[in-house]
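User: I am new to this structure. Please take a close look at its cysteines, then show me how the surroundings are packed.

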Amino acid sequence: MSDSELLYDDLHIDFLEDLWGEGYLSPGGAEEALRVVQGLDLNGKRVLDIGCGSGAISVLLATECGAAEVVGIDVERDVCAAARRRVDAAGVADRVKIREVTPGPFDFAEESFDVVYSKDSIIHIPDKEALSAEVFRILRPGGWFAASDWLISHDGEPSADMKAYITAEDLDFAMASPDRYDKALQAAGFEEISLLNRNPWYKEVAEEEYAYLTGPERARLETRFGEAFIAGQIGTWTAMNKVLASGEHCPHHLRARRPR
């Protein structure tokens, strides 16, 4: 992947961290990241963080959740570099490893992890069936897959508003429906499958984010990131809020367990 094809270069990383908190490239910051694993015991466990971004969640899983080892993987050099800096600064390099990987099957042995985690990054993986099977393969018996992802409420053709939003994001989104995810997880062999719709939460949060982008902070943001860049982000949030309001864009928490 060349620099021109990067989805999250330093400018986008800095902008998203300004919006969502240092080290976070998806909504809700640490609080929402922890909700994904709420009720699960990560203490002493080996955890894979798919799409670790700039590293805050990988660090969080070790420091706040007690994971013995976290392996954060991402496909982009810039975010991996940012993640390694964050890991070093947090003093957890002995417990958190960041690996730049290429798209495709995971380069891990069968039954390698107790928990496989992901926060809003598997949207970039089109084949949810292959993803589910790979996660199942690398989980130890009794291990959990705990993730959040940005879903579309239905199978079939997206609405015109959803197409406009996906185009505005320009992030190679591959949205799946809750039904498709449920079937993919079942086919992979998972049990105790649950899907929690987070649309009501993010619909309100996204309105607050839009107000942040268009309100008193706008001048500062334009000075820091450029007027054209911020105008583009406002356009994206305008398109996103339409499909959040309709319910067609429905972020979910996903959870499933590999049988013992």
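Analyst:
**Cysteines and packing**

The sulfur of Cys65 lies 16 Å from the closest cysteine sulfur, which belongs to Cys52, and that is too far for a bond. This is a predicted model, so the distances come from predicted positions. Cys65 is buried, with 18% relative accessibility.

Cys80 also has Cys52 as the residue with the closest cysteine sulfur. Here the distance is 5.2 Å. A disulfide needs two cysteine sulfur atoms within 2.5 Å, so this pair does not qualify. Cys80 counts as buried, at 0% relative accessibility. A search of the whole structure gives the overall result: 0 disulfides.

Next, the nonpolar cores. In soluble globular proteins, nonpolar side chains tend to be buried together. The largest nonpolar core in this model has 56 residues. Phe15, Tyr165 and Tyr202 have the most contacts inside it. Helix H10 supplies the largest share of this core, 8 residues.

Tyr165 deserves a closer look. Leaving out residues up to four places away in sequence, Tyr165 touches Trp150, Phe173, Met175, Thr236, Ala239, Met240, Val243 and His249. A second core, separate from the largest one, has 25 residues. Among them are Phe113, Tyr181, Ala188 and Leu254.

Now to the helix that gives the largest core its largest share. Two packed helices are described by the angle between their axes and the distance between the axes. Helix H9 spans residues 218–225, and helix H10 spans residues 227–246. They pack at an angle of about 125°, and their axes are 7 Å apart. That angle makes H9 oblique to H10. On the H9 side, the contact is made by Arg218, Leu221, Glu222 and Phe225. On the H10 side, Glu227, Phe229, Ile230 and Ile234 take part. By class, this contact has 5 nonpolar and 3 charged residues, with no polar ones.

One charged residue elsewhere rounds off the tour. Glu134 sits in helix H5, which covers residues 128–138. Is Glu134 buried or exposed? Its relative accessible area is 18%, and buried means under 20%, so Glu134 is buried. Setting aside neighbours within four places in sequence, Glu134 is in contact with Pro105 and Phe106.

Technical notes:
Residues numbered from 1 in each chain as written. Predicted model: local features only at pLDDT ≥ 70, side-chain atom pairs only at ≥ 80, totals over all residues. Heavy atoms only, no water. Helix = DSSP H or I, 4+ residues; strand = E, 2+ residues; numbered from the N terminus. Buried < 20%, exposed > 50% of the residue type's maximum accessible area, 1.4 Å probe, protein only. Contact = heavy atoms within 4.5 Å. Axes fitted to C-alpha atoms, helices over the stretch in contact; angles between N-to-C directions. Parallel < 35°, antiparallel > 145°, perpendicular 65-115°, else oblique. Core = buried A, V, L, I, M, F, W, Y, C linked by side-chain atoms within 4.5 Å.
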